[in-house]
Amino acid sequence: MAKALVLAGGGVAGIAWLLGAIEALANHGVALADADLIVGTSAGSVAGTQLATDQLAAAVAMQERADTAEIAVNVDLQQFTKLAELSRGTTDELEIRRRLGAYALTASSVSEAARRVVVAARLPVQAWPTRALKITAVDAHTGELVVFDRASSVELVDAVAASCAVPGVWPPVTIGAHRYCDGGTRSFTNADLARGCDRVAILVPVAMNELLDQRLARERAELGDARTFVLAVDAESAAAIGPNPLDPARRKPALDAGRRQGSAAARELAAFWA
């Protein structure tokens, strides 16, 4: 029976929360690293790559260090309002993603080169793993979902950087003749990419809301008869992460919050994952 691990988006604090939860689960005998497939979106693409390349311990240690290559950025209500405005007048998800891509292509941000240095520093191993790893991104021009894997002939750092390129915050990533932005513009989870697996564990480093619930429900329906288990940020973890999940200073509190939730969910998830 094939098992999939889906790791959702949630900023730099979300990376830490995911790693904390995965570490705690491993300490309780729940080896999510045994997944036959890992699907990573945005923050999940980082944590998924670290797990798939057997770098969990090193990745966790990074979250506990005060020094960091991360670039601090403020994400305020005005910016979220701007992104929400881009969806006005249409319910067409592809059109909304095209608008987000157009916004990302014109927004002011750090250079692609500077951003790539940050993403590379997150990955102790920068070669694609042999195990199945899918990293999501969205074509900034067409709005189409793109899934990078070992067969894509794309450098792993570039694939992860593309998946993490939040519109209006980080620059779209140039790969060949295309530019790509955050896979989370299509879905925070992209859990439907685990189609064909029998069991799917979904870790979401953000607090669920009605919109996310509805999207995830559709994706779980697309998984057919597969059993699913969802572990999402609770109120205590949301408070630890704070209002700006892109703040590197929130990594350690988020890591500890993930550890707490992973430990609390270990018994139930162990029965599911076994």
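Here are some friendly notes on the helix packing, a few backbone angles and some individual residues of this predicted model.

1. **Helix α1 against helix α2.** A good place to begin is the pair α1 and α2, whose axes lie 8 Å apart and pack at an angle of about 40°. The two helices are therefore oblique to each other, and the crossing of α1 past α2 is right-handed. On the α1 side the contact uses G11, G14, I15, L18, L19 and I22, while α2 brings A43, G44, V46, A47, Q50 and L51. Sorted by class, this contact of α1 with α2 holds eight nonpolar residues, four polar ones and no charged ones.

2. **How covered is α2?** Helix α2 is mostly covered, as ten of its ten residues are buried. Among the buried residues are S45, G48, T49 and A52, and also A43, G44, V46, A47, Q50 and L51, which α2 brings to its contact with α1.

3. **Helix α1 against helix α3.** Helix α1 (residues 11-27) also packs with α3 (residues 56-64): their axes come within 10 Å and cross at roughly 130°. That angle makes α1 oblique to α3, and the crossing of this pair is left-handed. From α1 the residues involved are I15, A16, L19, I22 and E23, and they meet L56, A59, V60 and Q63 of α3. The residues of this contact divide into seven nonpolar, one polar and one charged. Do note that I15, L19 and I22 of α1 take part here and also belong to the contact of α1 with α2.

4. **Helix α3 against helix α10.** On to α3 and α10 (residues 251-273), whose axes come within 8 Å and cross at roughly 130°. These helices are therefore oblique to each other. Helix α3 supplies V60, M62, Q63 and E64 to the contact, and α10 supplies R251, K252, L255 and R259. By class, the residues of this contact are three nonpolar, one polar and four charged. V60 and Q63 of α3 appear in this contact and also in the one with α1.

5. **Positive phi on either side of α2.** Which residues by α2 deserve a look at their backbone angles? S42 has a positive phi of about 55°, although it is not a glycine, and D54, just after α2, takes a positive phi of about 60°. For context, most residues other than glycine have a negative phi. S42 sits in the loop between β2 (37-41) and α2 (43-52). With a relative accessible area of 7%, S42 is buried.

6. **A second serine with positive phi.** S153 is another residue other than glycine with a positive phi, in this case near 60°. The loop between β4 (145-148) and α7 (156-163) holds S153. Is S153 buried or exposed? S153 is exposed, with a relative accessible area of 74%, whereas S42 is buried.

7. **N190 and its surroundings.** N190 belongs to the loop between β6 (178-182) and β7 (199-204), and N190 counts as buried at 0% relative accessibility. A polar atom of the N190 side chain lies 3.4 Å from the backbone oxygen of G183. Leaving aside residues up to four places away in sequence, N190 touches V39, T41, T136, L145, G183 and E219.

8. **R215 in helix α8.** R215 lies in helix α8 (residues 210-222) and is buried, with a relative accessible area of 15%. Which side chain makes a polar contact with that of R215? The side chain of E219 does, at 2.9 Å; E219 is also one of the residues that N190 touches. Not counting residues up to four places away in sequence, R215 touches E93, R186 and S187. R215 and T189 are 26 residues apart in sequence, and their C-alpha atoms are 8.7 Å apart in space.

9. **A270 and A31.** To finish, here is a pair separated in sequence. A270 is found in helix α10, and at 30% relative accessibility A270 counts as partly exposed. A270 and A31 are 239 residues apart in sequence, with a C-alpha to C-alpha distance of 8.7 Å.

Technical notes: Residues numbered from 1 in each chain as written. Predicted model: local features only at pLDDT ≥ 70, side-chain atom pairs only at ≥ 80, totals over all residues. Heavy atoms only, no water. Axes fitted to C-alpha atoms, helices over the stretch in contact; angles between N-to-C directions. Helix = DSSP H or I, 4+ residues; strand = E, 2+ residues; numbered from the N terminus. Parallel < 35°, antiparallel > 145°, perpendicular 65-115°, else oblique. Left-handed = near helix turned anticlockwise from the far one by under 90°. Contact = heavy atoms within 4.5 Å. Nonpolar A, V, L, I, M, F, W, Y, C, P; charged D, E, K, R; others polar. Buried < 20%, exposed > 50% of the residue type's maximum accessible area, 1.4 Å probe, protein only. Polar contact = N/O pair within 3.5 Å; in protein donor to acceptor, adjacent residues only side chain to side chain.
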